[in-house]
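Reader: I've got a new model to look at and would like to talk it through. Can you put the sequence and structure up so we can go over them together?

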Amino acid sequence: MSDPAPAVALYEVAKTYRQAGGGLEVLKSVSLSVMPGEIVAVVGPSGAGKSTLLHIAGLLDRPTGGSVRFGDRDCGALGDDRRTALRRGGIGFVYQFHHLLPEFSALENIVLPQMIAGRRRREAAVRARELLGRMGLAERASHRPARLSGGEQQRVAIGRALANRPKVLIADEPTGNLDPQTALSVFEMLLSAVRDHGVAALIATHNTELAARMDRCLELRDGTIQPGDMPRAVE
């Protein structure tokens, strides 16, 4: 029986942005893979290219060199419509700022991406209530974001990211805007939800303590993955 394919993989990915004075090389031959059910942290200083790396892994941006594979599919030749469809059904995103729609309730913020993907409203609402319950927010379902704390808003954002049962979760500093105690609580819920759903997660963070609790921790510096994983936390 052959080994399972990575949920997402980058092979010798490079990214250069054109500028008036020449090119700005952000990524240089980056290769990594994330298996189904695996949680991988990416750490590094500001400007190392973490967000660019996540944008490419999440099919929000295209590399100038190398390739990206989503399961057994090479995404290099896919047009914008196919990439959008793949993101919508196969990739969930969590950002530092929750980006919830302020005019909709917590429930509706999780229902909407499901309806965009073609699910009926009633079915989407059942899924949304399930996720809100999983996040400890069952009693906050009807509340709009302005009535939720920062940690609650980010938990809604995690539920939204998982709503369409993605194969891959991309998270960019998901606890970076929270105080340490709230960040830990949100992080625990994120890890638990990801493991329960068997999602492959690629998470960029400045918090090395949280990063060390993931399955692997990769350091991105000067546009390259540094050799050797960072040390894991002692269990």
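Reader: Let's start with a strand pairing: in β7, which residue is the bridge partner of F93?
Author: Keep in mind that this is a predicted model. Strand β6 covers residues 91–94, and four bridges join β6 to β7, residues 168–172, in a parallel run. Next door in the register, G92 is bridged to L169. For F93, the bridge partner in β7 is I170.

Reader: Which faces of β6 are covered, and by that I mean, which residues are buried on each side?
Author: Although β6 is an edge strand and pairs on one side only, both of its faces are covered. I91 and F93 are buried on one side. On the other side, the buried residues are G92 and V94.

Reader: What is the strand order of the sheet that holds β6?
Author: This is an open sheet of six strands with mixed pairing. Its edges are β6 and β10 (224–225), each pairing on one side only. Reading across, the order is β6-β7-β8-β3-β9-β10.

Reader: How many residues of β3 are buried?
Author: Strand β3 spans residues 39–43 and is mostly covered. I39, A41 and V43 are buried on one side, and V40 and V42 on the other. The count of buried residues is five of five.

Reader: Which residue in β8 stands opposite I39?
Author: In the sheet order, β3 sits between β8 and β9. Four bridges tie β3 to β8 (residues 200–204), and the two run parallel. Within that pairing, I39 stands opposite A201.

Reader: And on the β9 side, what is the bridge partner of V40?
Author: Here too the strands run parallel: four bridges join β3 to β9, residues 216–221. V40 itself is buried. Its bridge partner in β9 is R216.

Reader: There's another sheet, so in what order do its four strands come?
Author: That one is open as well, and its pairing is antiparallel. The edges are β2 (22–34) and β5 (73–74), each paired on one side only. The order is β2-β1-β4-β5.

Reader: What is the bridge partner of F70 in β5?
Author: Strand β4, residues 65–70, is joined to β5 by two bridges, and they run antiparallel. F70 is the last residue of that β4 range. Its partner across the bridge is R73.

Reader: Is S29 buried, partly exposed or exposed?
Author: S29 belongs to strand β2. Its phi is near 50°, a positive value in a residue other than glycine. The relative accessible area is 48%, and since the exposed class starts over 50%, S29 counts as partly exposed.

Reader: Why is helix α1 described as largely enclosed?
Author: The helix runs over residues 50–57. Its buried residues are K50, T52, L53, L54, I56 and A57. It is largely enclosed by the rest of the structure because the buried share is six of the eight residues.

Reader: Just after α1, which residue takes a positive phi?
Author: Look in the loop between α1 and β4. The phi there is near 65°, in a residue other than glycine. With a relative accessible area of 2%, the residue is also buried. The residue is L59.

Reader: Is R83 buried or exposed?
Author: R83 is found in helix α2, residues 80–90. Leaving out residues up to four places away in sequence, R83 touches L59, L60, D61, R62, C75 and L78. Its relative accessible area is 5%, and the cut-off for the class is under 20%, so R83 is buried.

Reader: What separates the C-alpha atoms of R83 and I170?
Author: I170 is the residue that pairs with F93 in β7. Along the chain, R83 and I170 are 87 residues apart. In space, the separation of their C-alpha atoms is 15 Å.

Reader: Zooming out, what radius of gyration does the protein chain have?
Author: The secondary structure comes to seven helices and ten strands, and 48% of the 235 residues count as buried. Of the contacts with a separation of 6 or more, 70% are between residues 24 or more positions apart. A compact globule with 235 residues would have a radius near 18 Å, which agrees with the chain's value of 18 Å.

Conventions. Residues numbered from 1 in each chain as written. Predicted model: local features only at pLDDT ≥ 70, side-chain atom pairs only at ≥ 80, totals over all residues. Heavy atoms only, no water. Rg over C-alpha atoms; globule rule 2.2 N^0.38 Å. Buried < 20%, exposed > 50% of the residue type's maximum accessible area, 1.4 Å probe, protein only. Contact = heavy atoms within 4.5 Å. Pairing = 2+ DSSP bridges.
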